[in-house]
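Reader: Please take me through the ligand site in detail. Keep it brisk.

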Amino acid sequence: MSLDSSPAPFSAPYAPDDVAIAEKLLAASKLSEAQEARIDRVARRLIEAIRANDDPLGGVEDMLREFALSTKEGLALMVLAEALLRVPDARTADQFIEDRLAQGDFVHHETKSTAFLVNASAWALGMSARVIQPGETPQGTIGRLTKRLGAPAVRAATRQAMRLMGSHFVLGETIEAALERARPRQAHPPRYSFDMLGEGARTADDAQRYFDAYARAIEAIGRAAGESSPLPDRPGISVKLSALHPRFEAVSHPRVMSELVPLLVDLARRAKAFDLNFTVDAEEADRLELSLDVIAAAFADASLAGWDGFGLAIQAYQKRASDVIDYVDGLARKLDRRMMLRLVKGAYWDTEIKRAQERGLDGYPVFTRKAMTDLNYVACAQKLLALRPRIFPQFATHNALTVATVLELASDSGGYEFQRLHGMGEALYAQLSEDRSELAYRTYAPVGSHRDLLAYLVRRLLENGANSSFVAQAADNTVAIDTLLRRPADIIGAANRACHPDIPLPADLYAPLRKNSRGIEFGERAALGKLVADIAAERAPANGTIVAATPAQAEAAVAAARAGFRSWSGTTASHRAETLERAATLLEQRKAHFIALLQSEGGKTLDDSVSEVREAIDFCRYYAAQGRKLFGDGEEMPGPTGESNLLRLRGRGAFVAISPWNFPLAIFLGQVTAALMAGNTVVAKPAEQTPLIAAEAVALLHEAGVPTSALHLVQGDGKIGAALVAHPAIAGVVFTGSTGVARAINRTLAAKDGPIVPLIAETGGINAMIVDATALPEQVADDVTTSAFRSAGQRCSALRLLFVQDDVADRMIEMIAGAARELKLGDPADPTTHVGPVIDAEAKAKLEAHIAFMKKVARTHFAGQAPAGNFVAPHIFELSDAGELTEEVFGPILHVVRYRAEALDAVLAAIERSGYGLTLGIHSRIEDTVDDVVARLQVGNIYVNRNMIGAVVGVQPFGGFGLSGTGPKAGGPHYLPCFATEQTVTVNTAAAGGNAALLAGGE
Ligand SMILES: Cc1cc2nc3c(=O)[nH]c(=O)nc-3n(C[C@H](O)[C@H](O)[C@H](O)COP(=O)(O)OP(=O)(O)OC[C@H]3O[C@@H](n4cnc5c(N)ncnc54)[C@H](O)[C@@H]3O)c2cc1C
């Protein structure tokens, strides 16, 4: 195989303007009256068939009819389904069931449908709910249940109901069982595409297992298919690239290409041997370019020539769908081969919207109105139909209007097929087959254990249960058929209505108060390439001009800051806010420059550097917005007539800001801008490891308009910091660093005569995460590796101590260790690097000493290999007791402790005993557990079912309790007032001889 012959990579704007696309789509959507009438007729007939269906086995439509997802019961059922079957221990299962059932009113839920499936689950849940009354405490309920011997019965019944639901959507637990169920029993049997369920690989072992499962399945499907008929009338298999590689992500491009392409070619060859349809599923938008690179390289392999079965899925909700079709057609044309293209609308819409918002992208890669997706689907269908026979279109939809429109556009019945998911769209396709027996359709048939199925099932139900979904509306008899027949073009109306009015662009997420900082999608090759080139152009060797200040210079800086105070504190809040906003704009313009600095001086990876620059920008804008509100005109206080009372905040004086090296730009600027916004002047002392970044940040603030008399930079080590703190004339200290230094600062301040000045300290933590048996292992593996190892563990929020429920600990730890093994350590300037160096040789030596000690006293689950330099590889150690970790270890070292389900209380006590309270992670689907932990623990930032780092300014204000700091939280609404002092001004407005305002009031 030669990769050199690979075609030019796919390229199209990632998130183009919706309005421009809508203009084109609307113009192209016109059909004749006769065509529209035929579409109406066919669609209406199909909808009537769906509504008339009362299949005794039920289906998703029945499920949705019974437990609409907008009800508490529906949601409780979904969450129950998603997690229950992976819970191995009875205690957690019971707790979980109790928790879920308390969410809804199952007792009074009377089934409307005769469907067996729905009845079964309603019965099981109804019965369970009668035993466990909503609102009872878990302890009380479990106690009573045990007495009545009800728990096992409840558990068994609920599990049974879930299994039943599972079996409706999975064709078989093994490929053999699925093939048996799919065995042709009629003259024109439906075609199948089998899918091996799973959550995507996180480890090399996972990827191997999926590969083996695909290979085995292809063999079994091929043998079962025999020689009967040629493609397209052959069964097929659908594969997910994310299942075949543990780091299927844009930044790992070189590795993915060299490791995954040969695997895909291997599987494709096997499929070719049986002349099967081999479809690569479509995944998230940020993986589209990578997927197409992999597909193009594999498809180009000469050994696949002469086979028409290779294909892929294309998502019409993506704005790039039409470009993808052109690209794939180009591939097929160039190689003079045929391809099978499945057109879907897309299954990850909510994920796409969230990701784009989180990453601060310029736009969304997907449409924000469903009608735009539908409109685009039809346009793409038209394009695909025109590309026959080189392209064999496969229209995957359960929407009767979409089906009817495609039928009309196809005009004849050859050279394409429809597709549906097993367990869905049965009535629609049954009617279609009856009316048009010459039409072909294929069923996408998930195969796998119920444990893997349920995550899939829930995604499908959530998607199809959404109010906007056709399946949900068709299931709702109160929705008129005419409503379902409304054309997407009519719903959109005009191009300027292409965007959803309630979904703001990522930039406007915090409007009108402030702009969100701009981010970048690494999955967009052009954007990533430009950023990397811009950074490379900025990279200059660190010059040696930074000189530590002498004590005399530090003294002079404080004096100068004191001198500058009157003028700066006399500026208006809006002047100061505008200055900070200018600083934000300059930072955004010079992003590449600061990223280069963060990488060269701070050893930060690309991802970390981008996040840090964004955080710094957000701090500037957030404090500007808060400051405008708080330091503006002041607050009028109520009081007697004849006088005015105004309360206002004003600066304290010269503030000392001492910041750490781990966020040399964001924390540095966060402290300084908060103090400045509050009207203080500032003497800033950055960490001695990162002086250049601080110098540039100060220069930028000066350029933005902060007078040099208001902001002074003092470089140096801890001794200079101590001298500043000890200075009698300072008005306050803001500090981020170790608990020990914070204590020393506190003592110094306390020992001084003169005014008592405030100390705002944010220190470290022995941050814990609790993972119970209801958690999804893949999600835990992602979140633990991110929380413990990203930034080489050098974040104060980083995970240090992982508590895992005994019953699932082996599997969880194995997956986490496997995921850690896939992290790439290396040069932080290389975009493929996941973990960069630690800050210096001293830090490395300390961490290595800890590792050596742990190797003696703890069980080693993972010990990574570090390259030469200041690198420390991720390590995972299991402790027998949490108390064995007595101090914060500031590096990529994770400590794991197992706990028994009934001993959660002891876990919480251990966390409390540490005295720290900065961040905490909880992975549990049991809301009661989450609520209990949140209520009990004094921890500043708690993250549930996600990673526990990367607090966003103004979204997750950051700072802890106890040994972790004094509060208030940085990036939160209570921060600025702590830099200020309060003043009231009372004016006797009647002093001039009378109360004119009162007299003017009249009768
Ligand atoms: C055989 C088969 C294979 C599939 N393979 C894949 C695959 O590889 N990859 C994949 O991602 N999906 C895949 N799907 C899932 C598929 O995307 C969904 O089933 C499909 O979107 C449902 O479309 P519909 O026409 O049946 O429903 P409809 O209800 O008409 O459409 C639902 C679609 O509208 C979108 N939508 C909802 N609200 C909005 C909004 N506000 N703005 C924009 N769009 C919105 C949804 O995301 C969804 O895509 C497959 C489906 C089938 C049937």
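Author: A polar contact here is a pair of N or O atoms within 3.5 Å; within protein, one must be able to donate a hydrogen and the other to accept it, and residues adjacent in sequence count only if both atoms are side-chain atoms. The model is predicted, so local features need pLDDT of at least 70, side-chain atom pairs count only at pLDDT 80 or more, and totals for chains, interfaces and linings use all residues. Numbering starts from 1 along each chain as its sequence is written, and side-chain values use heavy atoms, with hydrogens and water left out.

Start with G346. One of its backbone N or O atoms sits 2.5 Å from a ligand oxygen. The side chain of K345 places an N or O atom 2.8 Å from an oxygen of the ligand. R342 meets a ligand nitrogen instead, with a side-chain N or O atom at 3.0 Å. The protein buries 95% of the 950 Å² that the ligand exposes when taken alone (Shrake-Rupley method, 1.4 Å probe).

Several elements give two or more residues each to the shell: β4 (310-315), β5 (339-344), α16 (370-386), β7 (417-421) and α19 (450-465). Helices (H or I, at least four residues) and strands (E, at least two) are DSSP runs, numbered from the N terminus.

In total, 31 residues surround the ligand, each with a heavy atom within 4 Å of it. The closest are G346, T373, T397, H398 and F470. By class, the shell holds 12 nonpolar, 10 polar and 9 charged residues. Nonpolar covers Ala, Val, Leu, Ile, Met, Phe, Trp, Tyr, Cys and Pro; charged covers Asp, Glu, Lys and Arg; the others, Gly among them, are polar.
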